[in-house]
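User: I would like to go through this model one question at a time. Keep the answers short and end each on the value or name I ask for.

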Amino acid sequence: MQHMPRNVTAFSGFDMLCHCLESFTGIPYTERSPQPRNPNTRPVYQGSNPLTDVWAKYSLDMCRRYFKRSVLDAEDREARYAMALATVGAGNGLNSAGVHLPHGMSYPIAGGVKHYSPADYNTDKALVPHGLAVVMTSPAVFSFTAPTNPQKHLEAAELLGADTTNTKLADAGLLLSDTLRKYMQDLGVVDGLSALGYTREDVPSLVKGTLPQKGVTALSPRPAAEEHLAKLFEDSLNVY
């Protein structure tokens, strides 16, 4: 952990942060389907539940306290240790609750890269690191999902350090999205899918690549049809 380069640390952290947000805001386990009587035939991911919420909230609070420190100062052992611990907490949550749209949409982003290659990765090939692919759509996604449970989205923003004083529930998605943009900007994330080489003409192929990812996209608290996915990708071409 101590010797991870800056971008490797940042993108790994964003992956973990999105694990927490997606497991916390995902479809409730009581609404997850199918619900077979035989436990052996249940889906791997069960949706958000009280136990996984504990882990997600713990790790989101750790992100607020240590994420930026861990990226900006490689010698900050306390911060890097804390983020490693937070990753374990996030994993405990997602292994039961699962993830949803940012992860489902990340696979065609990473798989369809043409020329982009970030600093700190020892490769001469085009590459979009997983955490970067995931976080790129997160501001758009959480604005989209917030109406299903604005209280949870508002709580997530507060756990990440946002001031929720006098914030209306109707603005929960906007606040969480702006909070994510601030983390992204502070840690040097490039400005959206366009900075990775994608254009509006690529949106149909990105949607096509997302549609088969039903194992995770089905956990979205708000169903996302093709037209919704297209809008989310379009809104993610630029994030600032």
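User: Is R181 buried, partly exposed or exposed?
Analyst: This is a predicted model, and the class follows from computed accessibility. Buried means under 20% relative accessible area, and exposed means over 50%. R181 has a relative accessible area of 24%, so R181 is partly exposed.

User: Which residue meets R181 in a salt bridge, and what is the N to O distance?
Analyst: R181 lies in helix α8, and its partner is 3 residues away in that helix, about one helical turn. The partner is partly exposed, with a relative accessible area of 38%. The side chains meet in a salt bridge: the partner is D178, and the N to O distance is 2.9 Å.

User: Which residue forms a salt bridge with R65?
Analyst: The two residues are 4 apart in helix α2, so about one helical turn separates them. R65 is partly exposed at 38% relative accessibility. The closest N and O atoms are 3.6 Å apart, and the partner is D61.

User: Why does D61 count as partly exposed, and which residues share its salt-bridge network?
Analyst: D61 has 21% relative accessibility, so it counts as partly exposed. Salt bridges with shared partners join the network, whose members are D61, R64 and R65.

User: How many salt bridges are there by this rule?
Analyst: Side chains of opposite charge can pair when their charged atoms come close. The cut-off here is a Lys or Arg side-chain nitrogen within 4 Å of an Asp or Glu carboxyl oxygen. By this rule the count of salt bridges is 12.

User: Which residue forms a salt bridge with E155?
Analyst: The closest N and O atoms of this pair are 3.5 Å apart. The pair links distant parts of the chain, 98 residues apart, with E155 in helix α7 and its partner in helix α2. E155 is partly exposed at 25% relative accessibility, and the partner is partly exposed at 31%. That partner is K57.

User: Which elements are included in the cover over the buried residues of α7?
Analyst: Helix α7 spans residues 150–159, and its buried residues are K152, H153, L154, A156, A157 and L159. Just after the helix comes G161, with a positive phi near 110°. The cover over the buried residues includes α1, α2, α6 and α8.

User: Which element gives the largest share of the largest nonpolar core?
Analyst: This core has 62 residues. L17, L21, F67, I109, L193 and L196 touch the most other members. The largest share is 9 residues, and the element that gives it is α1.

User: Which residues does L21 touch, leaving out those up to four places away in sequence?
Analyst: L21 is among the core residues that touch the most other members. One of its contacts, A156, is buried in helix α7. The full set is L60, F142, A156, L160, L176 and L180.

User: Which backbone oxygen does the side chain of S138 reach?
Analyst: S138 lies in helix α6. At 0% relative accessibility, S138 is buried. Beyond four places in sequence, S138 contacts C18, P102 and L180. Its side chain reaches a backbone oxygen at 2.7 Å, that of V135.

User: How far apart are the C-alpha atoms of D186 and L72?
Analyst: D186 is in helix α8. D186 touches R6, K68 and L72, not counting residues up to four places away in sequence. D186 and L72 are 114 residues apart along the chain, and their C-alpha atoms are separated by 9.5 Å.

User: Which side chain makes a polar contact with the side chain of D186?
Analyst: D186 has a relative accessible area of 31%, so D186 is partly exposed. The polar contact is at 2.7 Å, and the partner side chain is that of K182.

User: Which element gives the most to the nonpolar surface patch?
Analyst: The patch covers about 520 Å² and is made by L51, W55, Y58, Y81 and L85. Two elements give two or more residues to the patch, α2 and α3. W55 is in helix α2 and is partly exposed, with a relative accessible area of 31%. With 3 residues, the element that gives the most is α2.

Technical notes: Residues are numbered from 1 along each chain as its sequence is written. This is a predicted model: local features need pLDDT of at least 70, side-chain atom pairs count only at pLDDT 80 or more; totals for chains, interfaces and linings use all residues. Side-chain values use heavy atoms; hydrogens and water are left out. Buried means under 20% relative accessible area, exposed over 50%, partly exposed in between (1.4 Å probe, protein chains only). Contact means heavy atoms within 4.5 Å. Patches are made of residues with over 30% relative accessible area and no salt bridge: like charges are joined within 9 Å, nonpolar side chains (Val, Leu, Ile, Met, Phe, Trp, Tyr) within 5 Å. Accessible areas come from the Shrake-Rupley method with a 1.4 Å probe; for residues, only the protein chains shown count as cover. A polar contact is a pair of N or O atoms within 3.5 Å; within protein, one must be able to donate a hydrogen and the other to accept it, and residues adjacent in sequence count only if both atoms are side-chain atoms. A nonpolar core is a set of buried Ala, Val, Leu, Ile, Met, Phe, Trp, Tyr and Cys residues joined through side-chain atoms within 4.5 Å.
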